[in-house]
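Colleague: I am new to this structure and would like a close look at a single part of it. Please take me through that part slowly, and then place it in its surroundings.

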Amino acid sequence: MIAVNVAGLLHDGPGATREVRLRDHYAALGPDLEVAGPMDGLLRLQRTNRGILVRGSVTAPLRRTCARCLEPYVEDVAVTIEEEFLPTLDPETGIPVAIDDEDQALRIDDHHEIDFAPLLHDELSLTEPMHPLCRPDCPGLCAVCGAPLANGLHLHEADEPDPRLAPLARLLEQPKD
Ligand SMILES: [Zn+2]
Ligand SMILES: [Zn+2]
């Protein structure tokens with residue numbers, strides 16, 4: 001949860017702004033998104049006629065798994081945020097706000113808080129590549145034994161003749177006639 005109380009900003013008139021700085025901010029964003037370290041970012045909150053417009057950018061180190069060598073690695077990802085959050089309750093009267101055809105709208109909760117965690121989860125999840133690679137030229141795994149090829153050339157038993165085939169080899173080596 002990365003919650004910011006915006007009650008004061010809601011009471012201010014349209015155009016009022018406030019900055020929210022995330023620095024060395026640790027947060028869990030769900031089981032499908034492994035944040036490997038602190039997030040940094042600067043979000044600018046602006047009071048609009050309807051709610052609060054949030055704009056800014058956030059960087060986060062995400063732990064991924066290489067699609068070729070299956071090793072974990074960390075990628076620093078930056079996302080841009082631009083979303084409007086609408087109040088659940090009228091900040092002056094406390095009466096629930098009816099918003100037509102806006103079921104998809106992001107909401108300020110009934111404690112006048114915005115939780116940025118779901119938004120950051122969604123934005124950061126979208127940065128996941130189809131084929132994450134620990135490095136562009138990752139050589140992947142040995143097709144024979146599965147060892148990482150990044151460790152250099154290696155030999156294994158499969159390079160030698162299979163002992164079970166030795167009798168067959170002897171048979172083939174026998175001179176004809
Ligand atoms: Zn790799
Ligand atoms: Zn191998």
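Against which strands do the buried residues of α2 pack?

Modeller: The buried residues of α2 pack against β4, β5 and β6, and since this is a predicted model, what follows describes a prediction. The residues in question are L119, L120, E123 and L124. They lie on the same side of α2, because together they cover an arc of only 120 degrees around the axis. The helix itself spans residues 117-125 and packs on the sheet, where it touches β4, β5 and β6, and its direction makes about 130 degrees with that of β5.

To see where this helix belongs, it helps to step back to the whole chain. The chain has three helices and seven strands, and, read along the sequence, these follow the pattern β-α-β-β-β-β-β-β-α-α. Of its 177 residues, 15% count as buried. Among the contacts in the chain with a separation of 6 or more, 55% are between residues 24 or more positions apart.

The sheet on which α2 packs is an open one of five strands, in the order β2-β3-β4-β5-β6, with mixed pairing. Its edge strands are β2, residues 17-25, and β6, residues 106-108, each of which pairs on one side only. From one strand to the next the twist averages 30 degrees.

Within this sheet, β4 is a good strand to follow. Strand β3, residues 39-47, and strand β4, residues 52-65, run antiparallel and are joined by eight bridges, and the hairpin that leads from β3 to β4 passes through four residues. Facing positions can be picked out along this pair: Q46 stands opposite L53 in β4, while L45 stands opposite V54 in β4. On to the next strand, β4 and β5 also run antiparallel, with 14 bridges joining them, and here R64 stands opposite Y73 in β5. The hairpin of β4 and β5 has six residues between the strands, and in it L70 takes a positive phi near 65 degrees, although L70 is not a glycine. L70 counts as exposed, because it has 12 C-beta neighbours inside 10 Å.

Strand β4 and helix α2 also meet in the account of the nonpolar core. The largest such core has 20 residues, of which I52, A60, I114 and L120 touch the most other members. Strands β3 and β4 and helix α2 each supply at least two residues of this core, and β4 gives the most to it, with five residues. L120 is thus named twice, as a buried residue of α2 and as one of the core residues that touch the most other members. For I52, leaving aside its neighbours within four places in sequence, the contacts are V6, L9, L45, Q46, R47, E84, F85, I108 and I114.

Some residues of the sheet are less enclosed, and R55, which lies in strand β4, is one to look at. R55 is partly exposed, because 15 other C-beta atoms lie within 10 Å. Not counting residues up to four places away in sequence, R55 touches R44, I81 and E82. As for R44, it is eleven residues from R55 in sequence, and the two are 5.2 Å apart in space, C-alpha to C-alpha.

A comparable reading can be made of D40, which is found in strand β3. With 17 other C-beta atoms within 10 Å, D40 is partly exposed, and, leaving aside neighbours within four places in sequence, D40 is in contact with L22, R23 and T59. Its C-alpha atom is separated by 9.2 Å from that of Y26, which is 14 residues away along the chain.

Finally, at the edge strand β2, there is D24, a residue found in that strand. D24 has a positive phi of about 50 degrees although it is not a glycine, and with 8 C-beta neighbours inside 10 Å it counts as exposed. To return to your question, the buried residues of α2 pack against β4, β5 and β6, and β4 is also the strand that gives the most to the largest nonpolar core, with five residues.

Technical notes: Residues numbered from 1 in each chain as written. Chains lettered and ligands numbered in written order. Predicted model: local features only at pLDDT ≥ 70, side-chain atom pairs only at ≥ 80, totals over all residues. Pairing = 2+ DSSP bridges. Axes fitted to C-alpha atoms, helices over the stretch in contact; angles between N-to-C directions. Contact = placed C-beta atoms within 7 Å. Arc of directions from axis to C-beta. Core = buried A, V, L, I, M, F, W, Y, C linked by C-beta atoms within 7 Å.
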